[in-house]
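Student: I have just opened this one for the first time. Could you walk me through it?
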Amino acid sequence: MSANTGEFIDFMCESGVLTFGDFVTKSGRPTPYFVNTGRYTTGGQMSALGAYYASALEERFHGQYDVLFGPAYKGIPLAVSIAEALFRDHGLDVPFCFNRKEAKGHGEGGVLVGHPLRDGDRVLIVEDVTTAGTSIRETVPILKAAADVRLAGLIVSVDRMERGRDEHRSALEEVGLEFGMPTQAIVNVEQIIERLRPEGDSAHRLDASDMARIETYRAKFGVRAPR
C-alpha cells in the first residue's frame, strides 16, 4: 500500500465519509460499511478530494480523455473539484459536464449542464463508489443520447470489490467489460481492511468485531483482487 493510499483512507475516515455500522447500498444489499461522499461538506475537503482523484486519474488516464462527466447528484461536485485540481496541480484545463435528474423545459433546456458533448468526445465518468454497477448502467444511455461519444473510462474513490452479475467478476470490472472502457479506483476494500486492521498504526483502526462483520460480508458478496 502506498503512503498516498493510506492517507486517502484516513482522509475518508476523518471526513466521516467511510463509516461502519448497518447500512443498505443502492443495490439493496445490507452492508457493514458505507462510503458516502455527500459527507464532504467543506471547501478544504473538496479541494483535497479533487487532488486525490486528479492524481489517480492522471496516473491511469493521462492523455486519454477530453471531458469529465459527473452523474447527478454526487458526481456533480466530484467533477467540479477534479477539474479544478487538474488545472491547479497538473496544468490541465479540462471541461466537465453533468446531468439533471429531470430534463429542463425552458432556457437552454435539455438534460446536460456544462460542456456540450460532441461526437467523438472521449468522456471520463467520475463516480463515488461502485457496488453493483447500477449507477453506471443508468449513466451510459444519458451520454450516448447526447452525442456519439467514446467512453474513455470510469474512476471511483472506492472499489468495494463486490460481485456483479457474474459472480467471478467485480462489478467495477464487469461494467468496464460491458461498456468497453477501462476502470480505476483510488483504493479498494482490501486496502481499507489492511489499513484499518486492529493491530495497524492508523488512528482509525477497526475493532475485531467490525473486521469480522466485514469479512463475513465479503465472503458472501466479495471477490478477491488478482494476485
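Tutor: We can go through a few residues, then the cores, then the charged pairs, keeping in mind that this is a predicted model.

Student: Which positions does UniProt mark as "binding site"?
Tutor: The UniProt record, an unreviewed entry, places that feature at T131 and R160.

Student: Where does R160 lie, and is R160 buried or exposed?
Tutor: R160 lies in the loop that runs between β8 (150-159) and α5 (171-179), and R160 counts as buried because its relative accessibility is 2%, where buried means under 20%.

Student: What does its side chain touch, then? R160 is the one I mean.
Tutor: The side chain of R160 is joined to the side chain of T31 by a polar contact of 2.7 Å.

Student: Moving to D121, which side chain of opposite charge is nearest?
Tutor: That is R118, at 5.0 Å, and D121 has no salt bridge although D121 is buried. The loop holding D121 is the one between β5 (110-114) and β6 (122-126), and the D121 side chain does reach the backbone nitrogen of R118, at 2.9 Å.

Student: What else is D121 in contact with, leaving aside its neighbours within four places in sequence?
Tutor: With those neighbours set aside, D121 is in contact with D66, V67, H115, P116, V149 and R150.

Student: New topic: how many residues are in the largest nonpolar core?
Tutor: The largest nonpolar core has 44 residues, and those with the most contacts inside it are F8, M12, L18, L57, Y65 and L68. Helix α2 gives the most to this core, with 8 residues.

Student: Is there another core apart from that one, and what is in it?
Tutor: Another core, of 18 residues, lies apart from the largest one, and V67, A147, V156 and M181 are among its members.

Student: And which residues does L68 contact, again without its neighbours within four places in sequence?
Tutor: Outside that stretch, the contacts of L68 include L57, A79, I82, A83, L86 and V94, and also L124 and V126.

Student: What about α5, which residues there are buried?
Tutor: In α5, the buried residues are A171, L172, E174, V175 and G176, and what covers them includes β7 (129-130), α4 (134-146), β8 and β9 (183-188). After α5 comes G180, whose phi is positive, near 65 degrees.

Student: Now the charges: why would two side chains pair at all?
Tutor: Side chains of opposite charge can pair when their charged atoms come close. Here the count comes to 14 salt bridges, one of which joins the side chains of E173 and R169 at 3.2 Å, N to O.

Student: Are E173 and R169 buried or exposed?
Tutor: Each is in between: E173 is partly exposed, with a relative accessible area of 36%, and R169 counts as partly exposed at 32%.

Student: Which residue forms a salt bridge with E190?
Tutor: E190 pairs with R218, with the closest N and O atoms 3.3 Å apart. This pair links distant parts of the chain, since E190 is in helix α6 (residues 189-196) and R218 is in helix α7 (residues 208-221), 28 residues apart. Both E190 and R218 are buried.

Student: Last one: what does D201 pair with?
Tutor: D201 and R195 meet through their side chains in a salt bridge of 3.5 Å, N to O. D201 counts as exposed, at 67% relative accessibility, whereas R195 is buried, with a relative accessible area of 19%. Salt bridges that share partners join D10, R195 and D201 into one network.

Technical notes:
Residues are numbered from 1 along each chain as its sequence is written. This is a predicted model: local features need pLDDT of at least 70, side-chain atom pairs count only at pLDDT 80 or more; totals for chains, interfaces and linings use all residues. Side-chain values use heavy atoms; hydrogens and water are left out. UniProt positions are given in the numbering used here, feature names are shortened, and annotations may be inferred rather than shown by experiment. Helices (H or I, at least four residues) and strands (E, at least two) are DSSP runs, numbered from the N terminus. Buried means under 20% relative accessible area, exposed over 50%, partly exposed in between (1.4 Å probe, protein chains only). A polar contact is a pair of N or O atoms within 3.5 Å; within protein, one must be able to donate a hydrogen and the other to accept it, and residues adjacent in sequence count only if both atoms are side-chain atoms. Lys and Arg count as positive and Asp and Glu as negative; His and the chain ends are not counted. A salt bridge is a side-chain nitrogen of Lys or Arg within 4 Å of a carboxyl oxygen of Asp or Glu. Contact means heavy atoms within 4.5 Å. A nonpolar core is a set of buried Ala, Val, Leu, Ile, Met, Phe, Trp, Tyr and Cys residues joined through side-chain atoms within 4.5 Å.
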